[in-house]
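Here are a few exercises to help you find your way around a new structure. Take a look first, then work through each solution step by step.

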Amino acid sequence: MNKNSSNTMALAPNTSNKKETVCIFGTGDFGRALGHKMIQSGYPVVYGSRSTQISNLIPKDAEVLGHAEAAQKAAIIIIAIQRQHYNFLTPLAEILRGKVLVDISNNLKLNQYPDSNAEHLAQLLPGSKVVKAFNTVSAWALQSGTLDASRQVFVCGDDVEAKQMVMNIVRALGLTPLDKGSLLAAQEIENYPLQLFPMWKFPIFLSLGLTAFFFLYCVALDIIYTYIYEKNNFSFFIAITIPNRVCPVMALILLALVYLPGVFAAIIQLYRGTKYRRFPDWLDKWMLCRKQLGLIALAFASLHVVFTLVTPLRAFASWRTGKGIISQALNNKTEPLDHTTAWLSDSYLALGILGFFLFVLLGITSLPSVSNNVNWREFRFVQSKLGYLALILCTAHTLVYGGKWFLSPSAYKWYLPNIYILSLIVPCAVLVVKFVLIFPCVDKPLTQIRQGWERNPKYSK
Ligand code: NAP
């Protein structure tokens, strides 16, 4: 072949780029938005509709025909119609035989029907190849082009070739297909858009419950007790003082609860001598929501920082400082600097600042855009090693702050401990057990178990 002829071939228009016609049943919101996007991506689109009248809402360049006529023009038919109307497809079974039907439908409620919409469609039209796709993308996002947050399109189906054809369309639209396997996965994919922050439910309810408990605990000890026994009205503590006591306590407890399931898992594996038995359900669920617990803990820690920074601006703080100065003036005596208190207060602040810095680092590395850019070892280093360091620093911060009160009887109003003491129970327990777990005599068998060794291999059967 001569040089010229190869150049001519390179410059010749690439006819293989011509895209196949796609048929869309239904000229509703989603059908129109998807059709518009497909035309933009170079696909000829033909609509199958109950009415063949062209309205100005339908993308120009698209054809509108009756269902049977439209279906004959394409190998792929997107069913942009609600499940309850699928029965109208049964008389079209012969025309739809061998064609790829893309089910994009969603339901109004989780598990609304015993079978998924896609499986229902496959049952109605056994001669067609049903693929589930596009249901997690909204018509609004398709139309407005704001697909940045939802580029992933879950795809599933029993026919591999049909699934590939749909995935090629997904890619051509600038989206990312994610193969979820056979049509059995359709129910899960259909439930996906109906879920409301499923991983956040437990952490949010737990945080709300603990916050309410600690808030009322502080109201009882700092306001009601003081009012009854000291005749002081400190009800204004509700606005800043008490939230600034509850927030650090919540941050520390929730951070410890991020690491507690890992400690339980290690104890269970050591006890069973194998990693091949499932953890109890509650532990599995707890492990899955550690990131959410950590992020809520970070939110509480950030609030604590803000509340602390505004403390000098408060009328109560200036009144207390003024009172101290005036009492020294009246006694004509300047109190000497207490070096122990100065050390404690500076150490308390330094530990808090370092702990908060690591806390923020943990939060940032848990964001998908950041965690996708670090490898598994780096991620584990930050989340596990630096995470434990953050827990140690924050626990030390609380110990240095509250330590001086632990032995003082005045800290036990109504024989109840101060909330700083309560907040230290879980973190100290986690740190002590973790300390035991890193001893070589415990760490070695645990590492072996995690690498697949079994004390009693019958458990793996
Ligand atoms: P829609 O605006 O109500 O459109 C549905 C279309 O179905 C109608 O325009 C109509 O098209 C057709 N239709 C209605 N009744 C029919 C019947 N008895 N027989 C035959 N065809 C009938 O709904 P949509 O928002 O486009 O949603 C369509 C499907 O996409 C639903 O299953 C939905 O779950 C799914 N979906 C929607 C979105 C979204 O953001 N809207 C996102 C993901 C998935 P003709 O008048 O042309 O016949």
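**Exercise 1.** By class, how many nonpolar, polar and charged residues does the shell around the ligand have?

*Solution.* First, some ground rules: this is a predicted model, where local features need pLDDT of at least 70, side-chain atom pairs count only at pLDDT 80 or more, and totals for chains, interfaces and linings use all residues. Residues are numbered from 1 along each chain as its sequence is written, and side-chain values use heavy atoms, with hydrogens and water left out.

Now sort the shell: 7 residues are nonpolar, 10 polar and 2 charged. (Ala, Val, Leu, Ile, Met, Phe, Trp, Tyr, Cys and Pro count as nonpolar, Asp, Glu, Lys and Arg as charged, and the others, Gly among them, as polar.) A residue belongs to the shell if one of its heavy atoms lies within 4 Å of the ligand. Of these 19 residues, Thr27, Phe30, Ser49, Asn106 and Ala139 come nearest.

**Exercise 2.** Find polar contacts to oxygen atoms of the ligand, then say what share of its area the protein covers.

*Solution.* Look for pairs of N or O atoms within 3.5 Å.
- Ser49 uses a side-chain N or O atom, 2.6 Å from a ligand oxygen.
- Phe30 brings a backbone N or O atom to 2.7 Å from a ligand oxygen.
- Ile81 also offers a backbone N or O atom, at 3.3 Å.

Next, the area: alone, the ligand has 890 Å² of accessible area, and the protein covers 76% of that (Shrake-Rupley method, 1.4 Å probe).

**Exercise 3.** Work out how the chain is laid out.

*Solution.* Start with the domains, whose bounds come from an automatic or database assignment: domain 1 spans 22-194, and domain 2 takes in 198-328 + 337-459. Their C-alpha centres sit 49 Å apart.

Then check the overall form. The radius of gyration, taken over C-alpha atoms, is 32 Å, while a compact globule of 461 residues would come out near 23 Å (the rule is 2.2 Å times the number of residues to the power 0.38). The C-alpha atoms fill a box of roughly 100 × 60 × 60 Å along the principal axes.

**Exercise 4.** Compare record and model for two transmembrane spans.

*Solution.* The unreviewed UniProt entry lists several "transmembrane region" spans, including 292-310 and 419-442; such annotations may be inferred rather than shown by experiment. In the model, residues 292-310 are 100% helix, with end C-alpha atoms 28 Å apart. Residues 419-442 are 92% helix, and their ends lie 33 Å apart. (Helices are DSSP runs of H or I, at least four residues.)

Notes:
A polar contact is a pair of N or O atoms within 3.5 Å; within protein, one must be able to donate a hydrogen and the other to accept it, and residues adjacent in sequence count only if both atoms are side-chain atoms. Helices (H or I, at least four residues) and strands (E, at least two) are DSSP runs, numbered from the N terminus.
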